[in-house]
Amino acid sequence: MLTNYVLPVFIGIILVVALIKRVDAYSSFIKGTKEGLSLFHEVFPAMMAMMLSINLLRVSGLLEAIASLFSGLLANVDASLWAMMLFRPFSGTASLAIMIDIFKTLGVDSFSGIMASIIQGSTDTTLYVITLYFGSVGVKKIRNSMFIGLISDLAGIAMAIFLTITFFS
Amino acid sequence: MTKFWCTLILGSFAYGLMQGRVDLISNTIVTVGEETLEFVLPMVAVTCFFSGIVEIAKEGGCIAFLERCLSPFLRFLLPDIKDDHETLGYVAANIIINMFGLGSAATPVGLKAIAGMQKHNPEPNRATRSMVTFLVLNTGGVTLFPTSIIALRVAYGSLDATSFIPFAVIATLSASCIGLIVDRLWNHAH
């Protein structure tokens, strides 16, 4: 796979530059890694709070119930795709799990399989990104970032639906 | 955040009780600590590794180089911190690494970028304009090579694992553009 070259090439370039500029690469690596360790302390509480609300949302069936309201809205779009779209901004693992399920049951190269791939690639997990980044610096008043993040997710997902219907059906 | 969080939890409680799923709910509450630990530990470990790599890149001047490449765009995007070259460098690196689909490598630079923004923050528990813009950019997640999805498609026997990519790129670009436009109109009105 070509994509497997990305990381070695990246790190290779960085190390070659470091050698040319006579940087103490080993010490820098140790120093950077040590800084990374403090992340656990900063992020764990915020992640736990997020995990609780998202897991409850999933096991209570509330999110699926909301997704089922949408099913049938667009003829070609399977109910599982609606669930995936709803999960996408809140839980990367849940939407990934639904995508894999779609690959297995409806086929990876089917209309639904392609739509699922495009949706998964269209945006990142907004709630996770906000929890991680704001959690790491202790910001609690997040202003309108969540709302704008969700608007942007909506735009990405709407574009994903539109493109799949236009080019793959 | 408080309202959002409490509403999610209370809404789930109410619906779960109506559906008779109280066992599942109770089980989720008991196991959430362990599950968070299992989720956060590998994430922190990978982030530590890439933090080390990023530190080498910074010392070697690679981050400063990326900052110079994207400078006009960054100064337009984040006018409040346009003189903080170090932070802008991390923002630049974060955007570029994300494009290659290396989310786990993009995280440590993103965290350094937001820590840099926090230095200029007069009200440390409230997000600044730059932070909101930067996060909107990250939640949109502009990825040109969605490596993990390609790998999954191959694993499930796709005959054409990569043809979705241009469409995913258009979708992710429109997500980020809409997000940035809304942010610009809403937060930079004055």
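Contact here means heavy atoms within 4.5 Å. I start my notebook with that cut-off, as the entries below lean on it.

**Ground rules.** I am looking at a predicted model, where local features need pLDDT of at least 70 and side-chain atom pairs count only at pLDDT 80 or more, while totals for chains, interfaces and linings use all residues. Residues are numbered from 1 along each chain as its sequence is written, chains are lettered from A and ligands numbered from 1 in the order in which they are written, and side-chain values use heavy atoms, with hydrogens and water left out.

**Chain B, overall.** I looked up the secondary structure and got eight helices and zero strands for chain B. Helices (H or I, at least four residues) and strands (E, at least two) are DSSP runs, numbered from the N terminus. Reading along the sequence gave me α-α-α-α-α-α-α-α. The C-alpha trace of chain B spans about 60 × 50 × 35 Å along its principal axes. Chain B has 190 residues, and 51% of them count as buried. For that word I use under 20% relative accessible area, with exposed over 50% and partly exposed in between (1.4 Å probe, protein chains only). I also checked the contacts in chain B with a separation of 6 or more: residues 24 or more positions apart account for 58% of them.

**Helix 4 of chain B.** How many of the 15 residues of this helix are buried? I got eleven, so helix 4 of chain B is mostly covered. Among the buried ones are Leu88(B), Tyr90(B), Val91(B), Ile95(B) and Ile97(B). Their partners in chain B are helix 2 (22-59), helix 3 (62-77), helix 5 (103-119) and helix 6, and helix 7 (126-137) of chain A joins in too. I then checked the length of helix 4, residues 85-99: the expected span is 21 Å at 1.5 Å a residue, and the end C-alpha atoms are 21 Å apart, which agrees. The expected span is 1.5 Å times one less than the number of residues. After the helix comes Gly101(B), with a positive phi near 75°.

**Helix 5 against helix 6, both in chain A.** The two axes come within 9 Å and cross at roughly 160°. Axes are lines fitted to C-alpha atoms, for helices over the stretch in contact, and angles run from 0 to 180 degrees between N-to-C directions. Helix 5 and helix 6 of chain A are therefore roughly antiparallel. I note the bins: under 35 degrees is roughly parallel, over 145 roughly antiparallel, 65 to 115 roughly perpendicular, and the rest oblique. The contact includes Leu96(A), Met99(A) and Phe103(A) of helix 5 and Ala116(A) and Gln120(A) of helix 6. By class I have six nonpolar, six polar and no charged residues there. Ala, Val, Leu, Ile, Met, Phe, Trp, Tyr, Cys and Pro count as nonpolar, Asp, Glu, Lys and Arg as charged, and the others, Gly among them, as polar.

**Three residues of chain A.** Buried or exposed: which is Ser91(A)? Its relative accessible area is 7%, so Ser91(A) is buried. Ser91(A) sits in the loop between helix 4 (79-87) and helix 5 (92-106), and it touches Ile54(A) and Thr125(A), not counting residues up to four places away in sequence. Thr93(A), in helix 5, counts as exposed at 57% relative accessibility. Gly138(A) is in the loop between helix 7 and helix 8 and counts as partly exposed at 28%. With the same neighbours in sequence left out, Gly138(A) touches Pro124(B) and Asn125(B).

**Helix 8 of chain A, two partners in chain B.** I took helix 6 of chain B (129-140) as one partner: it packs against helix 8 of chain A (145-168) at an angle of about 30°, with the axes 9 Å apart. That makes the pair roughly parallel. Ser145(A), Ile148(A), Gly149(A), Ser152(A) and Asp153(A) meet Val132(B), Val136(B), Thr139(B) and Gly140(B). I sorted the residues of this contact into three nonpolar, five polar and one charged.

The other partner is helix 8 of chain B (165-187), whose axis comes within 8 Å of helix 8 of chain A and crosses at roughly 150°. That makes this pair roughly antiparallel. Among the residues that meet are Phe147(A), Met159(A) and Phe168(A) on one side, and Phe167(B), Val182(B) and Trp186(B) on the other. This contact has 16 nonpolar, five polar and one charged residues.
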